[in-house]
Amino acid sequence: MNKIPQVLSSLLIVCLFQQLTAQQQFNNTEMKIDSLLSEMTLAEKIGQMTLCQSPESQNADAIETAIRLGEAGALLNETNPDRIRHYQQIAVNESRLGIPLLFGRDIIHGFKTVFPINIGLAASFNPTLAEETARIAALEATSVGVNWNFAPMVDISRDPRWGRMAEGFGEDTYLTTTLALSMLKGFQGESLSSPNSLAACAKHFAAYGAAEGGRDYNTTDVSEVELWNTYFPPFKALAEAGIATFMTGFNDLNGIPASGNSFLFQEVLKEKWNYNGFVVSDWASITEMITHGFAADDKDAALKAVNAGVDMEMATKAYAKHLKELLNQGKLDESQLDDAVKRILRVKFKLGLFERPFVDSSQIIQTPPQQHLLLAQKAAEQSMVLLKNKGQLLPLDSTTKRQIAVIGPMANDRYEQLGTWIFDGDTNLSITPLTAFREKYGNANIRYAKGLSNTRSNDTSAFSRAINQAKKVDIIFFFAGEESILTGEAHSRAFLDLPGAQSQLFQKLRQLGKPLVLVVMTSRPLAIGDIIDQADAVIYAWHPGTMAGPALANIVSGAVVPSAKLPVTFPKTAGQIPVYYNHKMTGRPPSAESFIPMEEIPARSFQTSLGNTSHYMDIGFEPLFPFGYGLSYSSFEYKNIQLSVTEISKSDSLEISFTLRNTGDYAATEIAQLYVRDLVASITRPVKELKGFQRITLNPGESREIIFMLKANDLGFYDKDGNYQTEAGKFLVGVGGNSAINLSLQFLLK
Ligand code: GLC
């Protein structure tokens with residue numbers, strides 16, 4: 001008998017069995033949930049909907065009492081394993097129904113081992129790496145008993161003034177979605193019930209990153225088309241991939257605060273996307289609806305939040321205080337609370353907390369093992385973007401006898417190199433650039449001066465020592481940027497320059513006329529084109545995390561060749577914001593031909609003589625650096641770009657092939673990017689959209705044929721009602737090393 005049908009039939013049986021098992025498991029869990037729910041009092045149901053603040057900031061007795069009475073479903077910001085065990089024991093052994101607690105924490109880019117801040121990790125364009133970092137974070141956090149992570153943050157942001165651009169994966173929906181799914185796999189593992197799996201949280205739903213003026217918590221006014229095509233896709237992908245929870249944004253979206261927005265959480269998330277996890281508010285975001293002027297008081301805020309589909313309240317007590325009264329007044333139905341509680345219990349059952357509420361204290365990771373640190377170093381190496389390298393100044397071979405100056409406030413700071421959202425980062429593990437440069441190049445060859453006490457300082461009294469050190473060397477490395485506290489939540493800036501007197505210090509160093517390398521450590525693009533123009537080489541290192549030093553030393557010495565690419569467009573000035581690569585064409589697109597620099601405009605020019613196109617007279621229209629940009633120590637050539645066909649139907653795929661050649665002298669990795677443009681559609685479409693990327697490593701002189709597959713369905717878009725459609729018509733397509741490429745080939749979607 002032919003083996004193939006036999007194999008196929010057994011595979012089919014296995015798949016069917018797996019599906020049946022999964023369905024049975026689901027049904028069993030649902031039965032347990034329903035059974036438990038039927039025993040719960042109203043107070044216990046409302047308790048499950050209450051996420052209490054960290055006990056340190058509260059009276060611990062009050063927390064214990066609340067847990068014992070079943071009035072707390074979860075705690076946040078508790079990471080002491082003994083206290084976690086203590087509170088869990090009260091919940092499991094002393095409360096009436098023994099429902100275990102969730103312990104939530106913000107583990108954005110690592111727990112004890114800190115990985116590059118996510119905007120930096122995004123520059124790696126490496127989903128596997130992203131997943132690995134999330135997996136390590138989950139191992140370290142679950143070992144102490146944390147079982148819920150308020151991550152990944154997947155807010156698309158096109159405004160570097162916004163401090164929280166740091167936490168996301170940049171401006172592009174495709175890249176953000178790809179990396180978010182990888183982080184989810186890392187956090188939640190193969191199964192949520194595994195002891196080292198973290199329940200993850202998609203945040204902040206939705207469009208929180210579209211804050212007007214880049215000012216955190218500010219109003220967001222976003223069209224439905226933009227919501228569906230730009231801001232929603234990462235959340236939709238996470239919902240469909242089984243992320244355990246969602247979190248509301250602080251923002252008022254089109255006049256309705258997210259925490260009271262039933263369009264977001266009822267219509268879109270729970271109905272259209274059929275989501276069965278639970279929604280937690282952001283910190284006090286429910287009662288902030290009073291401040292928004294959307295709720296009259298706590299009670300009204302609680303009513304609006306429950307009706308909007310917010311299942312759990314973080315940090316405040318509007319639910320605890322008012323839900324019972326709202327029910328008694330008939331303003332809420334108990335079925336609404338039952339739905340919320342079932343969602344919360346479902347996550348607790350999936351986590352296996354009823355079977356295994358306690359972690360094995362012998363498994364606590366007190367000090368991360370070397371492989372965690374090595375991954376942090378690899379992640380940092382793959383996130384650092386080489387923006388400039390005049391005359392191939394870099395790499396600087398580790399055997400060099402040249403004297404090196406390491407100058408600047410970010411050169412030797414174990415804490416500041418970690419970036420924002422590092423509650424649990426262990427600074428004892430940090431290795432700074434100074435330490436690593438001394439290791440790499442030999443102590444005798446390194447001269448150090450901080451120059452400024454911190455990145456905001458305007459005290460130039462230490463400049464002379466820095467200049468004196470720099471006078472004695474052959475090459476200067478200036479480590480500048482923003483301290484951790486200048487990025488992240490509530491830390492927006494109107495200017496995007498180097499804070500404090502860093503620019504002045506740079507100029508003093510520049511005046512010495514020696515080779516000058518600028519290393520920027522921050523978590524947002526800075527509009528420092530004038531400084532970059534004067535530097536000989538520039539490495540944008542972001543906040544690289546624990547292993548900043550060894551990673552930079554490897555990049556600078558050429559032990560690792562830089563491969564990273566910008567996940568966000570760099571503006572020339574804050575006045576250019578918003579500036580992003582996948583903008584619309586407009587009816588009057590700018591062009592180099594039409595742009596006359598303001599200082600060259602002839603006096604009394606006739607009004608229409610300047611070319612009526614969409615540009616700025618003072619800075620033109622090009623960004624400082626485009627999305628996807630990044631240099632290598634080598635160089636790459638894209639040739640023979642071809643399409644498998646020039647026409648495809650809506651059920652087809654298109655193959656884009658090209659030859660990539662390493663035309664330089666170093667083995668190196670290129671992040672090849674695939675962009676498309678929909679030339680004519682029922683709504684205006686972006687001038688180009690990233691639809692694929694590949695990391696390709698080639699030896700010097702080596703060529704390889706690379707293929708991208710593009711499914712017709714990938715060419716679609718959402719209409720204002722959230723209906724996804726692909727429309728027949730002409731498309732342009734192109735591949736290259738950044739988003740500034742021309743899309744040279746055309747095909748027809750029939
Ligand atoms: C913060 C943040 C949110 C975080 C939460 C708990 O205000 O907006 O991202 O998860 O509070 O720390």
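A salt bridge here is a side-chain nitrogen of Lys or Arg within 4 Å of a carboxyl oxygen of Asp or Glu. The legends below describe a predicted model.

**View 1. Arg 493 and Asp 497 pair in a salt bridge.** The closest N and O atoms of Arg 493 and Asp 497 are 2.4 Å apart. That separation meets the definition, because the cut-off is 4 Å. Arg 493 is buried, with a relative accessible area of 17%. Asp 497 is partly exposed, at 34% relative accessibility. The pair belongs to a wider set: salt bridges with shared partners join Glu 482, Arg 493, Asp 497 and Arg 524 into one network.

**View 2. Glu 167 and Arg 164 form a buried pair.** Their side chains meet in a salt bridge, 2.5 Å from N to O. Glu 167 counts as buried, at 0% relative accessibility. Arg 164 is buried too, at 2%. Side chains of opposite charge can pair when their charged atoms come close.

**View 3. Lys 378 and Glu 132 link two helices.** The side chains form a salt bridge with an N to O distance of 4.0 Å. Lys 378 sits in helix α15 (residues 370-381). Glu 132 sits in helix α6 (residues 127-142). The two residues are 246 apart in sequence, so their salt bridge ties together distant parts of the sequence. Lys 378 is partly exposed, with a relative accessible area of 35%. Glu 132 is also partly exposed, at 29%. A search of the whole structure finds 34 salt bridges.

**View 4. Helices α17 and α18 pack against each other.** Two packed helices are described by the angle between their axes and the distance between the axes. Helix α17 covers residues 463-471, and helix α18 covers residues 502-510. Their packing angle is about 30°, and their axes lie 10 Å apart. The crossing of α17 and α18 is right-handed. On the α17 side, Phe 463, Ala 466, Ile 467 and Ala 470 make the contact. On the α18 side, the contact residues are Gln 504, Leu 505, Lys 508 and Leu 509.

**View 5. Val 7, Leu 8 and Leu 11 form a nonpolar surface patch.** Together the three residues have about 280 Å² of accessible area. Leu 8 is found in helix α1, which spans residues 3-39. Leu 8 is exposed, with a relative accessible area of 52%. Leu 8 earns that label because exposed means over 50%.

Notes: Residues numbered from 1 in each chain as written. Predicted model: local features only at pLDDT ≥ 70, side-chain atom pairs only at ≥ 80, totals over all residues. Heavy atoms only, no water. Patch = residues over 30% accessible without salt bridge, like charges linked within 9 Å, V, L, I, M, F, W, Y side chains within 5 Å. Areas by Shrake-Rupley, 256 points an atom, 1.4 Å probe, with all protein chains shown as cover. Helix = DSSP H or I, 4+ residues; strand = E, 2+ residues; numbered from the N terminus. Buried < 20%, exposed > 50% of the residue type's maximum accessible area, 1.4 Å probe, protein only. Axes fitted to C-alpha atoms, helices over the stretch in contact; angles between N-to-C directions. Left-handed = near helix turned anticlockwise from the far one by under 90°. Contact = heavy atoms within 4.5 Å.
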